[in-house]
Amino acid sequence: MSNLFYKPEGAWVGDLIPFYKNGTFRLFYLHDWRENKNIHGEGTSWFELRTSDFVHYEEKGEMLKHGSVSEQDLNCYTGSIIEAEGEFHLFYTGLNPYPDFTEDGEPLQCVMHAVSRDMESWRKIPEDTFYSDGIQYERHDWRDPFVFWNEEAEEYWMLLAARNKEGPSRRRGSIALCASKDLKQWEIRKPFWDPKMYVTHECPDLFRIGEWWYLVYSTFSDRFVTHYRMSKSLSGPWTAPRNDAFDARAFYAAKTWSDGNRRYAFGWDPSKENEDDYGDWQWAGNLVVHEVIQEPDGTLTVRIPETVSRHFANRQAAEWGSRLGEWKVSGESISAAADETFSCIAAGSMPETCMISARLSFSEGTRSCGIMLRASEDLDEAYYVRLEPLHNRLVFDMWPRRVKGEAQWHIDGDRPHAVELEVPIELQADTVYDIRIVVENSVCVVYLADRVAMTTRLYNLKTGDWGCFVQEGRVQFEQAALSVPSEQEVK
């Protein structure tokens, strides 16, 4: 059975630690039991998934077992794996909240080490554990080690999510640098990158394509998102592209890996409290994978993995139905002129798992257009994936917005869209944009123009039609269709 956005039974996927070997992606991840911890006990372990196509996943279970309440690694948090010195070396974060492992009332974080000959069983090396020096870096933020071989320096480098000891409290975040000749003894050095912009930089990742180096990290202090910076040298300067993120709020802690030909970003779509569209985002959720593309100018864009797109082989033509406004329909092509109003058209029922695709273009001055999801029969309720040309952005919305009472001020009318779910993209009139939307149960991932992605959740509206819409403008949709996996039929 396929499971595009993997989640273990009774648990959730946290930070991913990807590795590629012998044609298979080995996806280690932080396994989060949440409320089921009263059954399974305290502690976080690394579990492992394996896949060769991002459609079918094999769960291998617990691979790096967490320690006991009397050990530093009661929680085995994020890290990295490197093949070197004749073995596989796994570096991870150890954290234990109990008093014996705290300092000044806060849990200490440290780097820990395990090795394996075959990546099947791991032997921990407690004597290699090391903490921040407490001089230039704080002792309580010292996590997510990423290790690589620096050919120029002829030594191993380790990047860490850290915080400087000095400076404004919410701007001390830095990416610390440690160096080693043998992967056992580490010298703590000055920060690899110290922008004075964030509380901290989680899950640092580094890779090179051609002449460009890319530094990837996730933040939560200005917004929850995975960023990247680019440079032609490991010593910087690290510059920010216009769109410096892989996605929006609902794709976090992404780390990348390559199969030698293509590079992918592995993150998680957070669940929401009480499985409610208006609930707070939670830590951990479902696995989401984007393919990462280097553009001619060196910037990075993301698109749907080719294997995921091919998975939806059973293409269903749109079944145009109820509508608002006037629409011209010709097979899979439709258009509408709604210069002063809102206009929409239903295209048929949405199954739990599907991909909706279309090629759309709009006229000059159009305020918005896009795709409806799970629309009600009377078209009064729906999710909206909306292009906003005047703002050069892709956003996610829901209609009606939350109503908490009967008075007008009880409606969330001052929120023009889900403010955490917007992605910048330059939008030009009379230009064709390919859009693909993949939905599996509550997980929804939008890809636009093979350049940007926007991940979200669909909780409150369980069923309904998909369709097209335009507001105050003119739009044309070509090749509008819904596809399902080859073994599935629309019901």
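**Figure 1. Arginine 223 and its partner.** Arginine 223 counts as partly exposed because its relative accessible area is 39%. This close-up, like the others here, shows a predicted model. Side chains of opposite charge can pair when their charged atoms come close. Here, arginine 223 makes a salt bridge with aspartate 244, and the closest N and O atoms are 3.4 Å apart. The two partners come from distant parts of the chain, 21 residues apart: arginine 223 sits in the loop between strand S17 (212-219) and strand S18 (225-231), while aspartate 244 sits in the loop between S18 and strand S19 (252-258). Aspartate 244 has a relative accessibility of 9%, so it counts as buried.

**Figure 2. A salt bridge between two strands.** Which residue does arginine 359 meet in a salt bridge? The partner is aspartate 434, with 3.1 Å from N to O. Arginine 359 belongs to strand S27 (residues 353-362) and aspartate 434 to strand S32 (residues 433-440), so this pair ties together parts that lie 75 residues apart in sequence. Are these two side chains buried, exposed or partly exposed? Arginine 359 is partly exposed, at a relative accessible area of 32%. Aspartate 434 is partly exposed as well, at 33%.

**Figure 3. A buried pair and a network.** Look for arginine 50 and glutamate 48, whose side chains form a salt bridge with 2.8 Å from N to O. Both arginine 50 and glutamate 48 are buried. Elsewhere, salt bridges link several residues into a network: Glu138, Asp141, Arg143, Asp144, Arg163, Arg172 and Glu202. How many salt bridges are there in total? The count comes to 39.

**Figure 4. A patch of negative charge.** On the surface, Glu377, Asp378, Asp380 and Glu381 gather in a patch of negative charge. To find your way to this patch, start from glutamate 381, in the loop that runs between strand S28 (368-375) and strand S29 (382-388). Glutamate 381 counts as partly exposed because its relative accessibility is 36%.

**Figure 5. Cysteines without a disulfide.** How many disulfides does the structure hold? The number is zero. Cysteine 344 shows why: its sulfur is 9.7 Å from the closest cysteine sulfur, which belongs to cysteine 468, and that is too far for a bond. For comparison, a disulfide needs two cysteine sulfur atoms within 2.5 Å. The story is similar for cysteine 444, because the closest cysteine sulfur, in cysteine 354, is 8.8 Å away from its own sulfur and too far for a bond. Cysteine 344 counts as buried, with 0% relative accessibility. Cysteine 444 is buried too, with a relative accessible area of 0%.

**Figure 6. Two cis peptide bonds.** Most residues other than glycine have a negative phi, and most peptide bonds are trans. What kind of peptide bond joins glycine 236 and proline 237? This bond is cis, and its omega is about 0°. You will find proline 237 in the loop between S18 and S19. A second cis bond runs from tryptophan 399 to proline 400, again with omega near 0°. Proline 400 has its place in the loop between strand S30 (393-399) and strand S31 (422-424).

**Figure 7. Positive phi in residues that are not glycine.** Glutamate 85 is not a glycine, yet its phi is positive, at about 55°. Its place is the loop between strand S5 (75-84) and strand S6 (87-95). With a relative accessible area of 53%, glutamate 85 is exposed. Now turn to leucine 183, which also is not a glycine and has a positive phi of about 65°. Leucine 183 lies in the loop between strand S14 (173-180) and strand S15 (187-193). Is leucine 183 buried or exposed? Leucine 183 counts as buried because its relative accessibility is 0%.

**Figure 8. Methionine 119 in its loop.** The loop between strand S9 (109-116) and strand S10 (123-124) holds methionine 119. Methionine 119 is buried, with a relative accessible area of 1%. How far apart in space are methionine 119 and leucine 90? From C-alpha to C-alpha they are 9.3 Å apart, and in sequence they are separated by 29 residues.

How values were computed:
Residues are numbered from 1 along each chain as its sequence is written. This is a predicted model: local features need pLDDT of at least 70, side-chain atom pairs count only at pLDDT 80 or more; totals for chains, interfaces and linings use all residues. Side-chain values use heavy atoms; hydrogens and water are left out. Patches are made of residues with over 30% relative accessible area and no salt bridge: like charges are joined within 9 Å, nonpolar side chains (Val, Leu, Ile, Met, Phe, Trp, Tyr) within 5 Å. Accessible areas come from the Shrake-Rupley method with a 1.4 Å probe; for residues, only the protein chains shown count as cover. A salt bridge is a side-chain nitrogen of Lys or Arg within 4 Å of a carboxyl oxygen of Asp or Glu. Lys and Arg count as positive and Asp and Glu as negative; His and the chain ends are not counted. The place of a charge is taken as NZ of Lys, CZ of Arg, CG of Asp or CD of Glu. Helices (H or I, at least four residues) and strands (E, at least two) are DSSP runs, numbered from the N terminus. Buried means under 20% relative accessible area, exposed over 50%, partly exposed in between (1.4 Å probe, protein chains only).
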